[in-house]
Amino acid sequence: MKSRDAVGSRDAPRLILTMHGLIGLVDVAELLATELVSNAVRHTKGPVDLRVCWSAGVLRIGAWDGDPQPPEPPRQLDRITDQEEGRGLALVRACSDLWGWQPQSRYGNRGKYVWCDLAVA
């Protein structure tokens, strides 16, 4: 998905997971995809891509953006519940099994890939 549209980031995981019989992951996957894409759109300029990958019982959701700067570390979710901003990566950390980021180059642009994993028990 090449878009600056956070709404589309909810549709892709729902469709993919439903088609593969993983409906139990849909709600959390939609939240995580939306947060990752929203952060990329809010904090960078240029293209944003969403990637959803299922392998060996783990769903990886990631967003690539053209800014090579690392994301700010997530804050403690219980300390920021009343704030309007700054909850994105805190939600990602709280709702996923693992998350991270890595510098990456795509389409000749330097940037970063921020990802999270959901494992099926």
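1. Ala56 is worth a look to begin with. In this predicted model, Ala56 is exposed, with a relative accessible area of 79%. You'll find Ala56 in the loop between strand 1 and strand 2. Its backbone is a bit unusual: phi is positive, about 50°, although Ala56 is not a glycine. For context, most residues other than glycine have a negative phi.

2. Now the overall layout. The chain comes to three helices and four strands, and the order along the sequence is α-α-β-β-α-β-β. There are 121 residues in the chain, and buried ones make up 38% of them. If you take the contacts with a separation of 6 or more, 58% of them are between residues 24 or more positions apart.

3. On to the inside. The largest nonpolar core has 21 residues, and Leu17, Leu36, Leu59 and Ile61 have the most contacts inside it. Five elements each supply at least two residues of this core: helix 2 (26–43), strand 1 (48–55), strand 2 (58–65), helix 3 (88–95) and strand 4 (109–119). Helix 2 gives the largest share, seven residues.

4. Which residues does Leu59 touch, not counting those up to four places away in sequence? The list is Leu17, Leu25, Ala29, Val52, Cys53, Trp54, Cys116, Asp117 and Leu118. Note that Leu17 is on this list and, like Leu59, is named among the core residues with the most contacts.

5. Helix 2 deserves its own point. It has 18 residues and reaches 26 Å from its first C-alpha to its last, close to the 26 Å expected at 1.5 Å a residue. Its buried residues are Val26, Ala29, Glu30, Leu32, Ala33, Thr34, Glu35, Leu36, Val37, Ser38, Asn39 and Ala40. So polar names such as Thr34, Ser38 and Asn39 turn up on the buried list too, as do Glu30 and Glu35. As a reminder, an α-helix has 3.6 residues a turn, so residues three or four places apart point the same way.

6. Gly62 lies in strand 2 and counts as buried, at 0% relative accessibility. Leaving out residues up to four places away in sequence, Gly62 touches Leu36, Asp49, Leu50, Arg51, Tyr113, Val114 and Trp115. One of those partners, Leu36, is in the buried set of helix 2. Val37 is in that set as well, and the C-alpha atoms of Gly62 and Val37 are separated by 8.3 Å, with their positions 25 residues apart along the chain.

7. What about the aromatics? How many aromatic pairs does the structure hold? Zero. Trp115 does have a charged partner, though: Arg60 lies over the face of Trp115, at 3.8 Å from the ring centre.

8. Cysteines next, for anyone thinking about disulfides. A disulfide is a covalent bond between the sulfur atoms of two cysteines. The count here comes to zero. Cys95 is in no disulfide, and the nearest cysteine sulfur, that of Cys116, is 9.1 Å away. Why is Cys116 without a bond to Cys95? Because the sulfur of Cys116 is 9.1 Å from the one in Cys95, its closest cysteine sulfur, and that is too far for a bond. The two also differ in exposure: Cys95 is partly exposed, with a relative accessible area of 30%, whereas Cys116 is buried, at 0% relative accessibility.

9. Asp117 is found in strand 4. Buried or exposed? At 10% relative accessibility, Asp117 counts as buried. Setting aside its neighbours within four places in sequence, Asp117 is in contact with Val58, Leu59, Arg60, Ser96, Asp97 and Leu98. Arg60 is also the residue that lies over the face of Trp115. Asp117 and Trp54 are 63 residues apart in sequence, and 9.6 Å apart in space, C-alpha to C-alpha.

10. Last, Gln104. This residue is in strand 3 (residues 98–106) and is partly exposed, with a relative accessible area of 30%. Not counting residues up to four places away in sequence, Gln104 touches Trp64, Asn109, Arg110, Gly111, Lys112 and Tyr113. Tyr113 is also among the residues that Gly62 touches. Gln104 and Pro68 are 36 residues apart along the chain, and their C-alpha atoms are separated by 7.6 Å.

Note on methods. Residues numbered from 1 in each chain as written. Predicted model: local features only at pLDDT ≥ 70, side-chain atom pairs only at ≥ 80, totals over all residues. Heavy atoms only, no water. Phe/Tyr/Trp six-rings, centres within 6.5 Å; stacked < 30°, edge-to-face > 60°. Lys NZ or Arg CZ within 6 Å of the ring centre and 35° of its normal. Core = buried A, V, L, I, M, F, W, Y, C linked by side-chain atoms within 4.5 Å. Buried < 20%, exposed > 50% of the residue type's maximum accessible area, 1.4 Å probe, protein only. Contact = heavy atoms within 4.5 Å. Disulfide = S-S within 2.5 Å. Expected span 1.5 Å × (residues − 1).
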